[in-house]
Amino acid sequence: MARIRVGLLPSASFMVGTQAVPKYSDAEKTQFAKDRETGAKLYTITLFFMEEDRAEALKVTVPETGLPNGLKPGVPVMPVELFATPWARIFNGSLSDGIAYRADRIDLVGGPAPAAEADAA
C-alpha cells in the first residue's frame, strides 16, 4: 500500500473533534491494534481539518505515545508526519473504499498554557 505524505497549506488548521479512542485489531474488541515498529497501542481521533474555504472531519490513527495531555474537543492541534493511505476491499460483493490517515503525533497549538497566562496577568 502506498503511503502519501499529506501536504498542508500554511493556512491549514486542525481542531479536536472527539476524544482519542483505542483502535482494535479484532471485531470483538479484545485485542488492541499496535504499531508494527514500536508496539505502542494505536488510537483513533477525529480532527476537524480547515483550509481556506473548506473543512472536513478526518479520523486519524496515532500511537499512544503521540497523544499529548489536554486533548479535548475544540482544542487547536497540528498532526505531525501526517500520511494518507488509500484502501479498497470487497465485502459481500460490495466495494468499500476510502483513505486511512496516520500521524506520528498530535501537537497542541495556540497560545500559552493557562499557567503562563496567569503569570502574565
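The following dialogue examines how terms are applied to one predicted protein model.

Me: What kind of model is this, and how are its residues numbered?
Reply: This is a predicted model, in which local features need pLDDT of at least 70 and side-chain atom pairs count only at pLDDT 80 or more, while totals for chains, interfaces and linings use all residues. Residues are numbered from 1 along each chain as its sequence is written, and side-chain values use heavy atoms, with hydrogens and water left out.

Me: How many helices and strands does the protein chain have, and what makes a run of residues a helix or a strand?
Reply: Helices (H or I, at least four residues) and strands (E, at least two) are DSSP runs, numbered from the N terminus. By this rule the protein chain has 1 helix and 9 strands. Along the sequence the order is β-β-β-β-β-β-β-β-β-α.

Me: Why is Thr-46 called buried?
Reply: Buried means under 20% relative accessible area, exposed means over 50%, and partly exposed lies in between (1.4 Å probe, protein chains only). Thr-46 has a relative accessible area of 13%, and it is therefore buried. The residue belongs to strand β4, residues 42-51.

Me: Which residues touch Thr-46, leaving aside its neighbours within four places in sequence?
Reply: Contact means heavy atoms within 4.5 Å. With those neighbours left aside, Thr-46 is in contact with Met-15, Val-16, Gly-17, Thr-18, Ala-57, Leu-58 and Lys-59.

Me: What makes the approach of the side chains of Thr-46 and Thr-18 a polar contact?
Reply: A polar contact is a pair of N or O atoms within 3.5 Å; within protein, one must be able to donate a hydrogen and the other to accept it, and residues adjacent in sequence count only if both atoms are side-chain atoms. The side chains of Thr-46 and Thr-18 are joined at 3.2 Å, and the pair counts as a polar contact.

Me: Why is Glu-64 called partly exposed?
Reply: The relative accessibility of Glu-64 is 38%, so this residue counts as partly exposed. Glu-64 sits in the loop between β5 (54-63) and β6. Beyond residues up to four places away in sequence, Glu-64 touches Lys-41 and Tyr-43. Its C-alpha atom is 9.6 Å from that of Thr-44, and the two residues are 20 apart along the chain.

Me: Why is Lys-29 called exposed?
Reply: Lys-29 has 57% relative accessibility, and therefore it counts as exposed. Lys-29 lies in the loop between β3 (21-22) and β4.

Me: What is notable about phi in Lys-29 and Glu-81?
Reply: Most residues other than glycine have a negative phi. Lys-29, which is not a glycine, has a positive phi near 60°. Glu-81 is not a glycine either, and its phi is positive at about 60°. Glu-81 is found in the loop between β6 and β7. Its relative accessible area is 32%, so Glu-81 is partly exposed.

Me: How do you know that β2 and β4 pair?
Reply: Two strands pair if DSSP finds at least two bridges between them. Strands β2 and β4 are joined by 4 bridges and run antiparallel. Phe-14 stands opposite Phe-49 in β4.

Me: How many bridges link β2 to β6?
Reply: Strand β2 pairs with strand β6 (residues 76-80) over 2 bridges, in the antiparallel sense. Here Met-15 stands opposite Pro-76 in β6. Strand β6 also pairs with strand β9 (residues 105-108), antiparallel over 4 bridges, and Pro-79 stands opposite Ile-106 in β9.

Me: Which side chains of strand β2 are buried?
Reply: In a regular strand the side chains alternate between the two faces of the sheet. In strand β2 (residues 13-16), Phe-14 and Val-16 point to one face and are buried, whereas Ser-13 and Met-15 point to the other and are not.

Me: How do you know that β7 and β8 pair?
Reply: DSSP bridges between strand β7 and strand β8 (residues 94-102) number 9, and these strands pair in the antiparallel sense. Ala-88 stands opposite Asp-97 in β8. The hairpin of β7 and β8 has 2 residues between the strands, and Asn-92 takes a positive phi near 50° there.
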